[in-house]
Each structure stands twice: as C-alpha cells, then as structure tokens.
Amino acid sequence: MTIRIMGTGSYLPENIVTNDDLARIMDTSDEWIASRTGIRARHLVKEETTAQMSAEAAKKALDEAGMKAEDLDLIIVGTLSGDYVTPSTACEVQAILGAEKAVAFDINAACSGFMFAMNTAYAYIHSGIYQNALVIGAETLSKLMDWNDRSTCVLFGDGAGAAVVRADKTGLIHFTQGADGSKGMVLSCRGRMNNNPLVKNFVKPDYVSMDGQEVYKFAVSTVPASIQKVLEEADLEVTDIKYFLLHQANIRIIQSVAKRLKADMNKFPTTLEHCGNISAGSVPILLDEVHKKGMLQRGDKLVMAGFGAGLTWSAAVMEW
Ligand code: UT7
C-alpha cells in the first residue's frame, strides 16, 4: 500500500512585488536578479499568515479530493516560518478547517519540508496507522529576511501549497531523503534572543543568511544524484518521466540538473519567475499549477525534488 495524491491546492498572497519594485528600495536591478536567478516577481504577505494561506490551499485540495476536513486522520505542515513557535501551523490549520479527528504537527526541513512531510505521511499510511492525510508546504519568508541584505531578500517569496493523499495501490513509487547537519550554517536563520536575566552571553537574533555559492554547489551535485537514485530504485529511465518538479531556487540550478540528467528543459516546469523561492511551499505550489493547467494525466510518472537548509534533500518518483 502506498499513497496517492487525490487533490492539490495553493495560495499566493495578493501583494505582488516585482524586481523593479525592489530596485526602488535597495541597490539591485531586474537585470541582476533575473539573469542570476530567473526570478522576476514574488508574492509577499501583507495580512495573510502562514496558517491562513495553508488553510486556503488545503480547502482547495480537499474539494478536489472530494473529502471533508472530518475525513482527515493526519495533517503535516512543512514550514520553517510558522506564525508561532507553538502552536504548530498544522494545529492552527486543524482548527481553521475543523479537522477534529486529525493528528497535526509541523516538520522543519526547510526547502525539503513538503517532501519530508509527504514521506512521513507515506510512512503512517503504509504502516496502516492512518488512511487520509493533508500534506502542506507553506512559508512566510518575508518576515525572516534581512531587508538590508540584497543577496538574500530578493530571492524569497511567500505562499502555500497542499496535497490530500490517501492509501492506494499506486502513487508514490520510491523516495529518497537525506540530511547533512555539519553544513547547516551555509544557510541559517538564528531565532530568538535568550533574555534570561541570569545569563550574560545573550545570543543576538538574526535573519536568513546564506553562502549562496556553497548552497549552489550542494544543489547541482546532490539533486541529480538523488533523482538518479530514485529512478534506479524504481527501475525507470529519465525518458519515462513526464515532468521533474524541482524546488524553485534558481533557474540555473534547474538547467544544470536537466543537463546532468540529459533531460529536455521543457520537462522542468517552473514557478520561480512569479513566485521566487518559497522554500517548503515551492514544490506543492508548482505541482498545483502544473495540475491546474491540465498538464497531468492519470498514469503519468513524475519526479519531485526538494533541497536546501539543514542541509536537507529529497526526491520522489510517483505515478500521478
Ligand atoms: O532554497 C535554498 C536554496 N538556495 C539556493 O539554492 C541558492 C543558491 N545560490 C544561488 O542561487 C546564487 O549563489 C545566488 C543567486 C544567491 C547568488 O548568485 P552568485 O552568482 O553566486 O552571486 P554572488 O553572491 O557571487 O554575488 C556577485 C555580485 C557581488 O558583487 P561583487 O562582490 O562581485 O562586487 C554581490 O555583492 O553580485 C552582488 N549582488 C547583487 N547585486 C545586485 C548580490 N546580490 C545582489 C543583488 N543585486 N540583489
């Protein structure tokens, strides 16, 4: 028994910020951002919260799956930018949806968050503990940015994507995931200050900081290797795959992965032009866009891959 995606949904904040908008408030340009990354705009929250965006995406996924919130046994949200340290975003979503029966918790695996959440749902469902799960990737990264650091703040966006999965004979075929905590500091965000009056060495809170080139090198080697691994395990070739849905960090990373796999770039749909990098949100938002454009037929084989802070990575091959 495996898991099959029965419905998808996504939510992007209404507020769109273009590269030119950013160039008006910092020393950057559309030319620099677009040529280095492929990003031209991103959606940034004004009022929306991570939980609200997640719930909106979830409602669409539930509708498509023909399921009610009460049918859910499990809600997992991949996020590093929940509205609170606690309660978790998943518990907030459970309350908004009224999914009273569902167990709910978050997973922090940064840009691999949705994929790690999906694999966790698979483990529960495969073992027979649960039947129906809601898996979400959602971020409000704009509140974690150092808006004085042009090398990071121009890259990221906000939004949420969701998938309803349930036990089925076909669906997720193979999965690989990994982590390397020894390289964690190449992409980090230090949290709250220790304001314990008994402690003198206060740790200064911080925003997202990144050694972009180290992350780039990690991505262009790890992502093709993990995709090749799942394909081998599934006994499939690159040519059997209709689409490769990659974490949307940088068009140059996606082009490099396509080249290493000897796959045509038109098998790599993207959202990064209008979304930027939404960390855990990027793969499910991309999946929803591809699906809603009518690009998927039941039986198509897909690869999804996430990579990022932790460091973490993951790849899955599935039948739609
Ligand atoms: O989801 C997490 C995964 N994250 C990633 O996958 C990120 C991977 N890394 C990257 O995508 C790229 O490394 C970046 C897009 C982040 C940066 O591209 P780069 O080609 O590695 O640029 P760089 O950091 O080497 O910077 C080149 C120049 C520097 O100026 P100097 O020192 O050469 O004078 C930067 O100060 O570009 C400058 N720069 C900018 N200029 C205009 C950095 N940010 C900006 C900016 N606008 N926003």
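Biologist: Which residues come nearest to the ligand, and what makes a residue count as near?

Modeller: Thr28, Arg36, Gln213, Asn250 and Asn277 come nearest among the 23 residues around the ligand, where a residue is near if one of its heavy atoms lies within 4 Å of the molecule. This is a predicted model, in which local features need pLDDT of at least 70 and side-chain atom pairs count only at pLDDT 80 or more, while totals for chains, interfaces and linings use all residues. Residues are numbered from 1 along each chain as its sequence is written, and side-chain values use heavy atoms, with hydrogens and water left out.

Biologist: Why is the pair formed by Thr28 and the ligand called a polar contact?

Modeller: A polar side-chain atom of Thr28 lies 2.7 Å from a nitrogen atom of the ligand, and a polar contact is a pair of N or O atoms within 3.5 Å, so this pair qualifies. By that rule Gln213 also qualifies, because an N or O atom of its side chain is 2.7 Å from an oxygen atom of the ligand. For Asn250, an N or O atom in the side chain is 2.6 Å from an oxygen atom of the ligand. The protein covers 73% of the 960 Å² of accessible area that the ligand has on its own, with areas taken from the Shrake-Rupley method with a 1.4 Å probe.

Biologist: What makes α7 stand out in the shell around the ligand?

Modeller: α7 (212-233) gives the most to this shell, with four residues, and it is called a helix because helices are DSSP runs (H or I) of at least four residues, numbered from the N terminus. At least two shell residues also come from each of α2 (30-37), α6 (150-153) and α8 (251-261).

Biologist: How do you know what kinds of residues make up the shell?

Modeller: The residues divide into 11 nonpolar, eight polar and four charged, where Asp, Glu, Lys and Arg count as charged, Ala, Val, Leu, Ile, Met, Phe, Trp, Tyr, Cys and Pro as nonpolar, and the others, Gly among them, as polar.

Biologist: Which domains supply the shell?

Modeller: Domain 1 (2-170) and domain 2 (174-319) each supply at least three residues, with bounds that come from an automatic or database domain assignment.

Biologist: What is unusual about the backbone at Pro87 and at Lys262?

Modeller: A cis peptide bond, with omega about 10°, joins Thr86 and Pro87, and Pro87 is found in the loop between β4 (74-78) and α4 (89-97). Lys262 has a positive phi of about 55° although it is not a glycine, and Lys262 lies in the loop between α8 and α9 (272-275).

Methods: A polar contact is a pair of N or O atoms within 3.5 Å; within protein, one must be able to donate a hydrogen and the other to accept it, and residues adjacent in sequence count only if both atoms are side-chain atoms.
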